[in-house]
Amino acid sequence: MDSIDTEVAFEFPPLFRIFKAGRVERFVGTETVPPSTDPVTGVQSKDVVISPETGVSARLFLPKTLVPNQKVPLLFYIHGGAFCIESPFSPAYHNHLNSFISKSNAIAVSVNYRLAPEHPVPTGHDDTWKAIQWVASHCNGDGPEPWLNQHADLSRVFMAGDSAGANIANDVAIRAGTIGLAGVNLVGMILIHPFFGNGEPDKLWEFINPTTIGVDDPMLDPRKDPRLAKLGCARVLILIAEKDFLRQRGLGYHEALRKSGWDGAVELVETEGEGHVFHLFNPGCEKAGLLLDKMVSFVNQD
């Protein structure tokens, strides 16, 4: 092996390192599980390609209890992982969505956007916007995916994301409110332990987003975004955790949204004694169950 392929150009533990030859080595978030029919819940999942040109894809989840042509709400989910690790196919996200669909009786699209650093931010944001447009292409029942044609009620679409995925979710909701998203009624958005800027330099963000303007970048810090008042949904649920290092970011977003002039309803719920995305690391604990129940009730409320 050439020495250039073993020489490290940049390292950002515990996420990844880049070698001088351009190769990226991820330390975590690479494990995957195949789509399946869950033996306990009966939830089915399958993978679909959204864009052959870019490789953007998604994992779809369908509940067991549906009858032919029964329409149910759709959850559009965006995974976290600092924009550079994880996927919808990881065991944690697969199991989380499986549990959510089993309890909510909704259908889900979990988007597999391209990751930094190979694909710098905002590539993942752009991929996700195109993915929800792909969902919208099923509004007349003649889109490319039968599950969505037959079962997705696109007048009841919800979007959720955790950590970096919550950052992307906010960006998509702002685009929906300013550009428009024909064919979809985005009812609500769930931000789970969201990653946003806090007014201080962020080395990872600056590295994976070379075009950023820095701490005032509205994509990083929505408090600096004058378009926040045009957020394209009617309801927002923000979930934070007491011991999460991003807790204050979620609180800051909540305050900014309330003061922005946006005319929707926002709710903030804090889990005591837990850290960042604890529900993914310990999904069997009581508080993870309560978090999941809150998400389900948010989607199913009239």
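How much area does the chain expose, and what percentage of it do carbon and sulfur atoms supply? The chain exposes about 13,000 Å², and 51% of this area comes from carbon and sulfur atoms. The model is a predicted one.

**The chain as a whole**

The chain contains eight helices and 11 strands. Its C-alpha trace spans about 60 × 50 × 40 Å along the principal axes. A compact globule of 302 residues would have a radius of gyration near 19 Å, and the value for this chain is 19 Å, so the two agree. Of the 302 residues, 53% are buried. Contacts also reach across the sequence: among those between residues at least 6 apart, 71% join residues at least 24 apart.

**The sheet of three strands**

Strands S1, S2 and S3 make an open sheet in the order S1-S2-S3, and the pairing is antiparallel. S1 and S3 (24–26) are the edge strands, each pairing on one side only. From one strand to the next, the twist averages 15°. S1 (residues 8–12) and S2 (residues 16–19) are joined by four bridges. These two strands form a hairpin, with three residues between them. Within this pair, Phe10 stands opposite Ile18 in S2. S2 is joined to S3 by three bridges, and here Arg17 stands opposite Glu25 in S3.

**The sheet of eight strands**

A further open sheet consists of eight strands in the order S4-S5-S7-S6-S8-S9-S10-S11, with mixed pairing. Its edge strands are S4 (44–51) and S11 (265–271), each of which pairs on one side only. The twist in this sheet averages 20° from one strand to the next. At one edge, S10 (residues 235–241) and S11 run parallel and are joined by seven bridges. Ala241 has Thr271 in S11 as its bridge partner.

Which helix packs on this sheet, and which strands are touched? Helix H8 (residues 286–300) packs there, touching S6 (72–78), S8 (152–162), S9 (186–192), S10 and S11. The direction of H8 makes about 175° with that of S10. An angle this close to 180° means that the two N-to-C directions are almost opposite.

The strand pairs with bridge counts are set side by side below.

| Strand pair | Bridges | Direction |
|---|---|---|
| S1 and S2 | four bridges | antiparallel |
| S2 and S3 | three bridges | antiparallel |
| S10 and S11 | seven bridges | parallel |

In general, strands of a sheet pair through backbone hydrogen bonds, in either a parallel or an antiparallel way.

**The nonpolar cores**

The largest nonpolar core has 68 residues. Which of them touch the most other members? They are Leu74, Phe76, Met159, Met189, Leu231 and Tyr253. Helix H4 (residues 164–178) gives the largest share of this core, eight residues.

Met159 shows how such a residue is surrounded. Leaving aside residues up to four places away in sequence, Met159 touches Leu75, Phe76, Ile78, Ile132, Ala169, Val172, Ala173, Leu186, Gly188, Met189 and Ile190. Two of these neighbours, Phe76 and Met189, are also listed among the core residues that touch the most other members.

A second core is separate from the largest one and has 28 residues. Among its members are Tyr77, Ile190, Leu291 and Phe298. Ile190 is thus a member of the second core, and Ile190 is also touched by Met159 of the largest core.

Technical notes:
Residues are numbered from 1 along each chain as its sequence is written. This is a predicted model: local features need pLDDT of at least 70, side-chain atom pairs count only at pLDDT 80 or more; totals for chains, interfaces and linings use all residues. Side-chain values use heavy atoms; hydrogens and water are left out. A nonpolar core is a set of buried Ala, Val, Leu, Ile, Met, Phe, Trp, Tyr and Cys residues joined through side-chain atoms within 4.5 Å. Buried means under 20% relative accessible area, exposed over 50%, partly exposed in between (1.4 Å probe, protein chains only). Contact means heavy atoms within 4.5 Å. Two strands pair if DSSP finds at least two bridges between them. Axes are lines fitted to C-alpha atoms, for helices over the stretch in contact, and angles run from 0 to 180 degrees between N-to-C directions. The radius of gyration is taken over C-alpha atoms; the globule rule is 2.2 Å times the number of residues to the power 0.38. Accessible areas come from the Shrake-Rupley method with a 1.4 Å probe; for residues, only the protein chains shown count as cover.
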